[in-house]
Each structure stands twice: as structure tokens, then as C-alpha cells.
Amino acid sequence: MEKYRVMLFSLKTKEEMETTIFADEGETTDDIILKVQIDDQEICAVDYNYLPAYQKLRDKLLKMGYGIKCNGSRPNAVQSGMMGANEKIYLVKLGEQALSKDIVSLYGYAEIDDFPNTEEQIAFSQKWFNSIKYIPIYRQVIIGSTT
């Protein structure tokens, strides 16, 4: 069980409060299980991949009036399928391919005051994906090849 210290932001009072997100990252099941205690209530989210589990947790907290001030709450946070079992994400820019320098921890602190929900985050990721200019791949011709 991993523990991640995060800052919650009350959308009503604009106050910040530190809390811990507990993450079962595949130790007891194939799923990612995230839990947090808030307002004397345990909030839980489960998914096979990490970012979708975080998004479910975040959306539940948003409905309760709390944003999470971390990289996973940025609109430009995306995760490749190969990263799905851990808390690493890309912070992407429109028109640019995601590179290893863009990889950050989902839980890394982010000084943000706008908290998109999953639908908004998915819309941005689709916009980003569509903004990337594809470079054609050319076949290499080998002289004398019979195949």
C-alpha cells in the first residue's frame, strides 16, 4: 500500500488542506484501488489503469466540493497504456509529441485553481492527439531483395 500526500482545495472556502491518498497499486488485486478520508467519509475509486482510477476519485471529490492540487488534475495530463500500472503521467502540449521529459508523478504538487473533471480532461487529450502532426514513415528499399 502506497501513501501519497496531496493538497485538497475547497471550492467553496478556497482553503487548502493536506490529506493522504492510499493506493493499492496491484498488491491485492489486478486493479488500482485509491482511497482517501474526507469529512469523516472514506472515498474509494477502482480501475484497471492508474489515471482512470485517479479520475474517478477526483470526480467524486469534485462533487463533494474539493479539487486536488496535483499534476493529475491538470487538463493536459495523459497516460499511455504502458504507464497504466503506475502513477506516472505525461503533461502534454498541443501540437507536440509527448516525450520522456514530459513524464511526471501524477501526485506531484501543482499550483492550480481550475479543476477539470474527467470529461474535460478527455476532451483536451483528444484535442492534443488531433493536434500532433504525423511524420510519414517511408519504407526502406533494399537493393537486390527478393521479398
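**Exercise 1. Find the order of helices and strands along the protein chain.**

Solution. Starting at the N terminus, the elements of the protein chain run β-β-β-β-α-β-β-β-β-α. That comes to two helices and eight strands. Here helices (H or I, at least four residues) and strands (E, at least two) are DSSP runs, numbered from the N terminus. Before going on, please note that this is a predicted model, in which local features need pLDDT of at least 70 and side-chain atom pairs count only at pLDDT 80 or more, while totals for chains, interfaces and linings use all residues. Residues are numbered from 1 along each chain as its sequence is written, and side-chain values use heavy atoms, with hydrogens and water left out.

**Exercise 2. Work out why the protein chain is described as more spread out than a compact globule.**

Solution. Begin with the radius of gyration, which is taken over C-alpha atoms; the globule rule is 2.2 Å times the number of residues to the power 0.38. For 147 residues the rule gives 15 Å, but the protein chain has 19 Å, well over that value, so the chain is more spread out than a compact globule. Next, look at the C-alpha trace: along its principal axes it spans about 75 × 35 × 25 Å.

**Exercise 3. Decide whether Ser-10 is buried or exposed, and find its partners.**

Solution. First, locate Ser-10: it is in strand 1 (residues 2-10). Second, apply the cut-offs: buried means under 20% relative accessible area, exposed over 50%, and partly exposed in between (1.4 Å probe, protein chains only). Ser-10 has a relative accessible area of 8%, so it is buried. Third, look at its side chain, which makes a polar contact of 3.0 Å with the side chain of Thr-13. A polar contact is a pair of N or O atoms within 3.5 Å; within protein, one must be able to donate a hydrogen and the other to accept it, and residues adjacent in sequence count only if both atoms are side-chain atoms. Finally, leaving aside neighbours within four places in sequence, Ser-10 is in contact (heavy atoms within 4.5 Å) with Glu-15, Gly-65 and Tyr-66.

**Exercise 4. Describe the surroundings of Asn-76.**

Solution. Asn-76 sits in the loop between strand 5 (66-68) and strand 6 (77-78). Its relative accessibility is 18%, so Asn-76 counts as buried. The side chain of Asn-76 reaches the backbone oxygen of Val-92 at 2.9 Å. Apart from neighbours within four places in sequence, Asn-76 is in contact with Tyr-90, Leu-91, Val-92 and Phe-124.

**Exercise 5. Look at Met-83 and Gly-81, and say for each if it is buried or exposed.**

Solution. Take Met-83 to begin with, in the loop between strand 6 and strand 7 (88-91). At 9% relative accessibility, Met-83 is buried. Setting aside neighbours within four places in sequence, Met-83 is in contact with Lys-88, Ile-89, Tyr-90 and Ile-103. Now turn to Gly-81, found in the loop between strand 6 and strand 7. At 69% relative accessibility, Gly-81 counts as exposed.

**Exercise 6. Find the phi of Lys-14 and of Asp-40.**

Solution. Lys-14 has a positive phi of about 65 degrees although it is not a glycine. This residue, Lys-14, lies in the loop between strand 1 and strand 2 (16-25), and it is exposed, with a relative accessible area of 53%. Asp-40 is not a glycine either, yet has a positive phi of about 55 degrees. Its place is the loop between strand 3 (32-38) and strand 4 (41-47), where Asp-40 counts as exposed at 82% relative accessibility.
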